[in-house]
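Please look through the sequence and the model shown here before reading on. The paragraphs after it lead from one part of the chain to another, so it may help to keep the structure in view.

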Amino acid sequence: MILMLAVPAHAGAADRHVRNSAEFARVVGSLQPGDTIVLADGTWRDFDIALVGEGRLDRPITLRGETPGGVILSGNSSLTLTGQWLVVRDLVFRDGHSTKGAVISFRAGKGRVANNSRVTNVVIDGFSKPDRVDSDYWVALYGKGNRFDHNHLTGKTNQGVTLAVVLDGDESRENGHRIDHNYFGPRQPLGSNGGETIRIGTSGNSMHRSETLVEANIFDRCDGEVEIISSKSGGNIYRGNLFLRSSGALTLRHGDDNLVEGNVFLGHGKPHTGGIRVINRGQTVRNNYMEGLRGTGFASALTVMNGVPNSPLNRYVAVDRATIENNTIVDSARITLGAGADEERSAPPTNSTFRRNLIGGVGAIPGLAVESDIGGIRFADNVVPQTAPEPWPGGTMRQPVDMVRGPNGLLYPTDATLAELGARRDLAVVAPDAVGVRWYARPDERNRFGDTGRIITVNAASGDLLAALADARSGDTLVLSPGAHVFSRPIRLDKVLTIRGASFADAGNTTVRLVTSEMVDLVEGGALRLQDLTIDGSRIVANDQCAIIRTGDGSMQRNTAIELSHIAVRNFTGCVHTQFVSLAPNTMADRVIVEHSEFVEFPGPILNAVEERDDEGRYNVEHAVVTGNRFRSVEGPVVALYRGGKDESTFGPSLIFVGNDLQRVGAPNSDEQRHAIALHGVQSARISGNAIDRSGAIAVVQTVGTPRLVITGNTFRAAPAPEITEMTYAGPSRAEVGDNIYEQ
Ligand code: CA
């Protein structure tokens, strides 16, 4: 009897099963505290769910799928929450996109926020707007006291933050939101600003406190842009998160008094993997662990920036009262202090402390880059290895640092006298099965050639190359037998394919003979590797626009990849204005690799990625790698890359151009073809060990940011010296140009 009396609060609570949006609309108007709406298993197309209700702390209103993973929201679907004490769980958004500003919003319009509500066990998988420059959030947190936990978000391809906390009114500030135990899966390089995984606040609201807790999440390959997390408000806590192979940094971009503690950054040696970037006042960075990070500059393992005196809200407030203590940084590339110092960012850090940090002992010793006066940082009780190349400030001991892995998998010093330095022994590394949902598969590596392991042999005599291409599955390899394979019409490739000859030795007589001015048009999902082949253009009927491999019938959501290895390209003189690889606006390649190949008498660029002309900081290839090739009589430039505008949010484009042999490249037929290489706004370029003979100039235009340009160890024979232009930067040359030989 007593037991029964103890639970009457739940009397009348109902499970409302609904099978379509009309039924949902009927029940949503009459929800009582404690009610549950159950969406029937199945696919719900074009369903904009507007959940409105007033639950109670002890009797929330719940919306859930019938079984976890059983309810798919597809097409143009979305979810808004309005009211309080609402819970949403067990939904999957995939195979579509929202037409709204957010897939999930804790607000149904100005002032109609949700408070004390929770979204949990929800999946958003590739639910991106088709046009990659069309912006939205996947999750927008408004109101107060909301929790977003144990969700799985992966594969956002369009512009806009994956999860944003919006502070645009008193009802959403000092919000106490919790964002915890989520799996933030791979986000590909966006190729412009707006690829953050989390942003809390905006510059305009950065004087307000958000007081949001971001705890125990995993960020797996979150490579959207330089900021994995962009903290743009005060009073936030970032605690116990795991950053795995993510290019970028947790950035305290605007706002004061944030705490970053107990986070683990594991870069696994991937480029641009960073740690924590400190800007503004009263920031505390303690007990974090960094290993295997390769980022430098703004993506160093630790970056303390220089600020702008009396900074406007959208620039850089100088670092003041920062406490950076008990962090461990091993096998990482760089620590940068006073980062970004220039004429505008002239205010160095003040009243700050850097103590009990352990910088050591295994693998690469982190370099120290000091870009301004750091007299305002007090150093105490830090340790670096004796072999650290740079001078370290006083307050840093140089001594051997031997380390072993602790039970949590992290490295700790064996020397007991160092026990108080670096990250704590009991630092908890969040486990993969503690985040996200258990019933939805995590994403694999992307764009991996040969993934299926299927090898399909194509006989030259049978003439069935095009049929084999049509039948192949993504991840297959087509192996062409020696002989001539006729390519009679262009194909649209929407899968990841390798086409190769049977062997390196047979590459010369395994020929793909084009009878068409285009070979492969890469469309959504497509990526191509060509290997051990000769590509022959002798049968092309004169045509003034050839593009052998191209992207671009509108926007591509997923980034593509193109690899050319040991191919010979001949007899394209029937074409004019040809491009071997041509990347169109609104498409993006994670990588274009051209290696150990030969291009003879080719009438145009080999890699052309210059069409993104809006000057919004967009570009079309993240990593261009051109190594060990021979270029003979190629109309230039062999590589042309363009990234216009003033944005500083991307790591790319980057170019490695090493060990190539160029003769008569960029013949001066016309002005635009006179360059051997033409780069504009490239963030990182290494042009080394090339022989450049009777060719046009290497032309580089450097724009904003901190571009790294290295032109070393090349031989120029009857070829001009590199032409380097700085558009905005006025200081001494930033390019490393040297050790080159110039002959007549
Ligand atoms: Ca950004």
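Arg734 and Glu726 are joined through their side chains by a salt bridge, with nitrogen and oxygen 2.7 Å apart. Like everything described here, this pair is read from a predicted model. Arg734 is partly exposed, with a relative accessible area of 22%, and Glu726 is also partly exposed, at 25%. The structure holds 46 salt bridges, and a few others will help to show the settings in which such pairs are found.

One of them is formed by Asp256 and Arg281, whose closest N and O atoms are 2.9 Å apart. Asp256 lies in the loop between strand E24 (248-254) and strand E25 (259-261), while Arg281 lies in the loop between strand E27 (273-278) and strand E28 (284-286), so the pair ties together parts that are 25 residues apart in sequence. With a relative accessibility of 36%, Arg281 counts as partly exposed. Salt bridges can also be linked to one another, and Arg118, Arg147, Asp149 and Asp180 are connected in a network of this kind.

Is the salt-bridge partner Asp220 buried or exposed? Asp220 is buried, with a relative accessible area of 7%, and its side chain meets that of Arg221 in a salt bridge with an N to O distance of 3.0 Å. Arg221 counts as buried as well, at 10% relative accessibility. The backbone of Arg221 deserves attention too, for this residue has a positive phi of about 55° although it is not a glycine. Arg221 is placed in the loop between strand E20 (218-220) and strand E21 (227-232).

A second residue with a positive phi may be set beside this one. Ala718, which is likewise not a glycine, has a phi near 50°, and it is found in the loop between strand E66 (715-717) and strand E67 (723-726). Whereas Arg221 is buried, Ala718 is partly exposed, with a relative accessible area of 41%.

The next stop is the metal site. Which residues supply the protein donors of the calcium ion? They are Asn193, through its OD1 atom, and Glu196, Glu225 and Glu227, through OE atoms, with Glu225 listed twice among the donors, and they lie 2.3 to 2.7 Å from the ion. Along the sequence these donor residues follow the spacing N-x2-E-x28-E-x1-E. Glu225 is buried, with a relative accessible area of 2%, and Glu227 is buried too, at 6%; both values count as buried because the cut-off is under 20% relative accessible area.

Further along the chain, strand E56 (residues 621-627) offers a view of how strands are paired. Strand E56 is mostly covered, since five of its seven residues are buried. Strand E53 (residues 589-595) is joined to E56 by six bridges, and these two strands run parallel; within this pairing, Ala589 has Val621 of E56 as its bridge partner. Strand E59 (residues 654-658) is joined to E56 by five bridges, again with the strands running parallel, and here Val626 stands opposite Phe657 of E59.

The loop that leads to E59 from strand E58 (639-642) contains Arg643. How far from Arg643 is the nearest side chain of opposite charge? That side chain belongs to Asp647 and is 4.0 Å away, and Arg643 has no salt bridge although it is buried. The backbone oxygen of Asp647, however, lies 2.6 Å from a polar atom of the Arg643 side chain. If residues up to four places away in sequence are left aside, Arg643 touches a number of others, including Gly617, Arg618, Tyr619, Glu648, Pro653, His680 and Thr703.

Pro653, one of the residues that Arg643 touches, brings us to the last feature of this tour, the cis peptide bond. Gly652 and Pro653 are joined by such a bond, with omega about -5°, and Pro653 is placed in the loop between E58 and E59. Another cis peptide bond joins Gly636 and Pro637, with omega about -15°, and Pro637 has its place in the loop between strand E57 (630-634) and E58.

Technical notes. Residues are numbered from 1 along each chain as its sequence is written. This is a predicted model: local features need pLDDT of at least 70, side-chain atom pairs count only at pLDDT 80 or more; totals for chains, interfaces and linings use all residues. Side-chain values use heavy atoms; hydrogens and water are left out. Donors are N, O and S atoms within 2.8 Å of the metal (3.2 Å for Na, K and Ca); water is not among the atoms, so sites may look incomplete. Buried means under 20% relative accessible area, exposed over 50%, partly exposed in between (1.4 Å probe, protein chains only). Helices (H or I, at least four residues) and strands (E, at least two) are DSSP runs, numbered from the N terminus. Two strands pair if DSSP finds at least two bridges between them. Lys and Arg count as positive and Asp and Glu as negative; His and the chain ends are not counted. A polar contact is a pair of N or O atoms within 3.5 Å; within protein, one must be able to donate a hydrogen and the other to accept it, and residues adjacent in sequence count only if both atoms are side-chain atoms. Contact means heavy atoms within 4.5 Å.
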